[in-house]
Every structure is written in structure tokens, then in C-alpha cells.
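Got the viewer open? Keep the selection box handy, and let's take a walk through this one.

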Amino acid sequence: MKRISIIVLAAAMALSFASCKDDSNDAGRITLSSEADLNPVLPSAGGTYTIEFTADNDWNVVVPNTNHYTWSSVTPTSGGAGKNQVIVTALRNPGHDGREYSFDLRCGLDSKTIKVTQKQLNSITVTPGSF
């Protein structure tokens with residue numbers, strides 16, 4: 001009898017573990033086309049930067065405290081599943097200090113923080129390929 005109880009208990013435990021599944025991937029996922037898109041850099045003259053990504057579900061952009069970032073924008077701010085893109089636009093930076101802000105690209109439980117940097121006036125950008 002004890003052996004049957006152990007077998008029944010083991011079967012019940014196996015069924016309870018099998019019925020639980022991780023739904024976090026079902027809630028949405030964002031895959032960026034390039035990891036460089038996490039840190040776009042725009043010149044002091046202003047311009048645009050396109051971030052391409054794939055979303056498994058509906059997505060949106062969350063910019064904290066937009067009143068402080070009137071020099072830049074992100075469009076569109078929402079979309080659906082599939083291949084997508086957002087465009088970061090920055091106005092000319094007339095100052096001698098660089099500026100930056102971050103926004104979140106969210107899809108369900110997944111979130112990617114994008115840190116946008118704009119160079120200061122008269123800055124020089126050196127890349128590995130420039131030598």
C-alpha cells in the first residue's frame with residue numbers, strides 16, 4: 001500500500017510540473033537587428049538614426065519625462081508583431097556639451113533600453129576604421 005501511495009504521489013507531482021510552463025516568451029520579445037542599436041550616436045548637426053527590430057507581439061516606446069528631451073524624438077511610438085523600425089531624430093546641438101537620454105522599447109515583458117547620445121558642437125568622432 002505504501003508503494004502505491006508513493007507511485008500515485010510521484011505521478012501527481014509529474015503532472016503538476018508538466019502543467020506549469022514558462023509563458024514569459026509568449027508575452028512578447030524584441031530582437032534588435034544590431035547590438036549597436038542599443039547606443040545610437042548622432043552628430044552635433046542633428047539627424048536621424050534608424051533602429052530595426054523584430055517583435056513577437058505589440059510593442060511601444062516609453063520615454064521618461066519627455067519635457068526634458070525637446071531636442072529629440074522617436075517615431076513611431078507603437079506597432080505590431082513582425083519586422084519594425086523606429087527613427088530617432090535629433091535637432092542641431094548648438095552647445096559645447098554632449099547630451100543624452102534613454103528610452104525603453106517594450107514588448108510584453110521584454111524591454112530594451114536605448115541610450116541616445118548626441119555629440120557636442122565641434123566634436124571629433126574617432127572610430128577603429130579611421131586609422
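Which residues does W59 touch, not counting those up to four places away in sequence? Select W59 and have a look, bearing in mind that this is a predicted model. Its contacts take in F53, then P76, T77, S78, G79 and G80, then N84 and V86, and finally L105, R106 and C107.

Next, pick P76 from that set of contacts. P76 sits in the loop between β5 (72-75) and β6 (78-79). Show the backbone here: the peptide bond joining T75 and P76 is cis, with omega at about -15 degrees.

Now go back to W59 and bring up F53, V88 and F103 alongside; these four have the most contacts inside the largest nonpolar core, a set of 19 residues. To see where that core comes from, colour the elements that give it two or more residues: β1 (30-32), β3 (47-55), β4 (59-62), β7 (82-90), β8 (99-107) and β9 (110-118). Leave β8 highlighted a moment longer, since the most comes from there: four residues.

Time to zoom out and switch to cartoon. You should find one helix and nine strands, with the helix leading and the strands following along the sequence. Of the contacts between residues at least 6 apart in sequence, 63% join residues at least 24 apart.

Last stop, the surface view. The accessible surface comes to about 8700 Å², and carbon and sulfur atoms hold 55% of that. As for what's underneath, 23% of the 131 residues count as buried.

How values were computed: Residues numbered from 1 in each chain as written. Predicted model: local features only at pLDDT ≥ 70, side-chain atom pairs only at ≥ 80, totals over all residues. Heavy atoms only, no water. Buried < 20%, exposed > 50% of the residue type's maximum accessible area, 1.4 Å probe, protein only. Contact = heavy atoms within 4.5 Å. Areas by Shrake-Rupley, 256 points an atom, 1.4 Å probe, with all protein chains shown as cover. Core = buried A, V, L, I, M, F, W, Y, C linked by side-chain atoms within 4.5 Å.
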